[in-house]
Amino acid sequence: MFWCTARHARSLRDEWAAAPLAMQQADSLVTLGNRPLMVVTALKDAQEGWSALQNEVPKLSSNSSHWTLSSATHSSLLDDKADPASASQAIREVVAAVRTSKPLARH
């Protein structure tokens with residue numbers, strides 16, 4: 001039902017209106033130093049070239065890990081038990097790395 005509401009339409013409008021500035025800011029980011037960075041990539045039904053682009057993101061930090069979920073989609077994070085569990089585990093690992101000042105485990 002949410003997809004058919006004025007609130008959703010406004011949300012999409014606002015998101016796309018902010019996109020040029022967000023892309024400009026993202027393009028100017030060259031490093032995160034050694035801050036923990038976890039990249040979790042949903043590969044099922046991904047657009048061509050998406051995986052290669054995602055492989056570039058972990059290079060922003062010297063303390064990074066990249067998980068690829070071959071059977072995951074963005075919507076499966078809502079309606080499948082395994083995919084959200086993986087995403088939650090990734091978040092827990094980043095929190096643990098921040099709290100303990102230990103590097104992320106490479107996957």
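The legends below describe close-up views of a predicted model.

**Figure 1. Overall fold of the chain, with 4 helices and 2 strands.** Read from the start of the sequence, the elements follow the order α-β-α-β-α-α. The C-alpha atoms occupy a box of roughly 45 × 35 × 30 Å along the principal axes. The chain has 107 residues, of which 22% count as buried. Among contacts between residues at least 6 apart in sequence, 67% join residues at least 24 apart.

**Figure 2. The largest nonpolar core, made of 5 residues.** Its members are M38, W67, A90, A97 and L104. In soluble globular proteins, nonpolar side chains tend to be buried together. L104 has contacts beyond its sequence neighbours with two other core members, M38 and A97. Outside the core, L104 also touches residues including P36, L37, N63, S64, S65, E93 and V94.

**Figure 3. Surroundings of A97 in helix α4.** Helix α4 covers residues 82–100. A97 has a relative accessibility of 7%, and it is counted as buried because this value is under 20%. Setting aside residues within four places in sequence, A97 contacts P36, K102 and L104. L104 belongs with A97 to the largest nonpolar core. The C-alpha atoms of A97 and V39 are 14 Å apart, with their positions 58 residues apart along the chain.

**Figure 4. N63 in the loop between α2 and β2.** Strand β2 spans residues 64–69. N63 is buried, with a relative accessible area of 11%. Its side chain reaches the backbone oxygen of N34 at 3.4 Å. Apart from neighbours up to four places away, N63 is in contact with N34, R35, P36 and L37 on one stretch of sequence, and with K102, P103 and L104 on another. P36 and L104 are thus listed among the contacts of N63, and P36 is also among those of A97.

**Figure 5. The largest pocket and its lining residues.** The space in this pocket is about 210 Å³. Its lining consists of A42, K44, D45, A46, Q47, W50, T73 and H74. By residue class, the lining divides into 3 nonpolar, 3 polar and 2 charged.

**Figure 6. T73, a residue of the pocket lining.** T73 sits in the loop between β2 and α3, the latter covering residues 76–79. With a relative accessibility of 16%, T73 counts as buried. The side chains of T73 and S75 make a polar contact at 3.2 Å. Beyond four places in sequence, T73 touches A42, K44, D45 and D83. Of these, A42, K44 and D45 also line the largest pocket.

**Figure 7. D45 and E48 in the loop between β1 and α2.** Strand β1 covers residues 37–42 and helix α2 covers residues 50–56. D45 has a phi near 65 degrees, a positive value in a residue other than glycine. Most residues other than glycine have a negative phi. D45 is exposed at 70% relative accessibility, yet D45 is one of the residues that line the largest pocket. E48 is exposed as well, with a relative accessible area of 84%. From E48 to V98, 50 residues away in sequence, the C-alpha separation is 34 Å.

**Figure 8. S101 in the segment after α4.** S101 is not a glycine, but its phi is positive, at about 60 degrees. The relative accessible area of S101 is 66%, and S101 is called exposed because this is over 50%.

**Figure 9. P84 in helix α4.** P84 is partly exposed, with a relative accessible area of 24%. Leaving out neighbours within four places in sequence, P84 contacts S76 and L77. The C-alpha atoms of P84 and L104 are 20 Å apart, and the two residues are 20 residues apart in sequence.

Methods:
Residues are numbered from 1 along each chain as its sequence is written. This is a predicted model: local features need pLDDT of at least 70, side-chain atom pairs count only at pLDDT 80 or more; totals for chains, interfaces and linings use all residues. Side-chain values use heavy atoms; hydrogens and water are left out. Buried means under 20% relative accessible area, exposed over 50%, partly exposed in between (1.4 Å probe, protein chains only). Contact means heavy atoms within 4.5 Å. On a 1 Å grid over the protein atoms alone, a cavity is a set of points where a 1.4 Å probe fits but cannot get out, and a pocket is an open set with protein on both sides within 12 Å along at least five of seven lines; lining residues have an atom within 4 Å of a point. Grid points are joined across faces, edges and corners, and a volume is the space filled by probe spheres set on the points. Ala, Val, Leu, Ile, Met, Phe, Trp, Tyr, Cys and Pro count as nonpolar, Asp, Glu, Lys and Arg as charged, and the others, Gly among them, as polar. A nonpolar core is a set of buried Ala, Val, Leu, Ile, Met, Phe, Trp, Tyr and Cys residues joined through side-chain atoms within 4.5 Å. A polar contact is a pair of N or O atoms within 3.5 Å; within protein, one must be able to donate a hydrogen and the other to accept it, and residues adjacent in sequence count only if both atoms are side-chain atoms.
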